[in-house]
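Visitor: I should like to learn how charged side chains are read in a structural model. Might we begin with contacts and then turn to salt bridges?

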Amino acid sequence: MDGVARLLATMGGPGYPAALKDFLLLDDDACADLLAVAEGAVPLPPTGAPGAHPIEVVEDASESVRSAARQWPKRFEAVVSASPKLRRDTNVIRALASLRTPTSEAILLEAAQVREAGNGYLRAVAVASLVERRSRALTALLPRLLGDRHEAARQAALDAAHRFGDARSLPALHRIATNPRRKPWERAKAAGAITKINRRTG
């Protein structure tokens with residue numbers, strides 16, 4: 001846990017890049033320790049360099065999770081798989097985009113379908129991660145996601161439909177493109193996705 005504490009203490013400050021480099025030289029127990037902090041399973045050590053801006057601390061925290069996933073993919077996936085809380089952590093969901101395993105894809109697909117209130121951004125991040133890894137399993141979820149009540153989730157679904165949606169998304173896309181109450185960018189994006197799908201399937 002000492003390695004994690006040193007890393008957290010530098011976030012948002014000039015010492016963070018060197019601390020992250022040192023952290024990634026540790027064994028995979030460091031990955032489990034970092035995820036334990038993210039999960040809230042252990043007390044949060046002092047976080048943020050003196051005078052660090054909170055946004056920069058948050059950005060470094062997100063980067064550290066992504067770096068841990070790339071450095072220790074098997075341990076990262078094993079710890080996340082065992083934790084319902086981590087499977088709803090947006091930093092973790094974003095980091096899973098770098099893994100290419102059936103288990104990580106299943107976690108992302110699950111996150112994209114969480115319907116409880118307050119999880120719209122989680123769905124959006126999950127869709128973006130699935131798009132990044134070009135998951136074809138996402139296409140089956142797009143018809144519902146295109147009607148999501150959360151704007152960020154709808155935007156992510158529109159981006160996904162534009163890139164590799166199929167005919168199943170066309171009814172939802174037509175509803176968006178022809179609905180005057182939708183924002184202009186949504187209607188334009190939907191119309192563009194319809195054109196691309198018709199070209200791919202025509």
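Guide: Contact here means heavy atoms within 4.5 Å. Please keep in mind that this is a predicted model.

Visitor: Which residues does Asp60 touch, not counting residues up to four places away in sequence?

Guide: Asp60 touches Met11, Gly12, Gly13 and Tyr16. Asp60 itself is placed in helix α4, residues 54–71.

Visitor: What is the nearest side chain of opposite charge to Asp60?

Guide: Side chains of opposite charge can pair when their charged atoms come close. For Asp60, the nearest such side chain is Arg66, 8.0 Å away. A salt bridge requires the nitrogen and oxygen to lie within 4 Å. Asp60 is buried and has no salt bridge.

Visitor: How many salt bridges are found in the whole structure?

Guide: The search finds eleven. One of them joins Asp28 and Arg75, whose closest N and O atoms are 2.9 Å apart. This pair links distant parts of the chain, 47 residues apart: Asp28 is in the loop between α2 and α3, and Arg75 is in helix α5. Asp28, Asp29 and Arg75 are linked in a network of salt bridges.

Visitor: Are the partners Arg154 and Glu186 buried or exposed?

Guide: Arg154 is buried, at 12% relative accessible area, and Glu186 is also buried, at 1%. Their side chains meet in a salt bridge of 2.8 Å, N to O. Arg154 lies in helix α10 and Glu186 in helix α12, so the pair ties together parts that are 32 residues apart in sequence.

Conventions. Residues are numbered from 1 along each chain as its sequence is written. This is a predicted model: local features need pLDDT of at least 70, side-chain atom pairs count only at pLDDT 80 or more; totals for chains, interfaces and linings use all residues. Side-chain values use heavy atoms; hydrogens and water are left out. Helices (H or I, at least four residues) and strands (E, at least two) are DSSP runs, numbered from the N terminus. Buried means under 20% relative accessible area, exposed over 50%, partly exposed in between (1.4 Å probe, protein chains only). Lys and Arg count as positive and Asp and Glu as negative; His and the chain ends are not counted.
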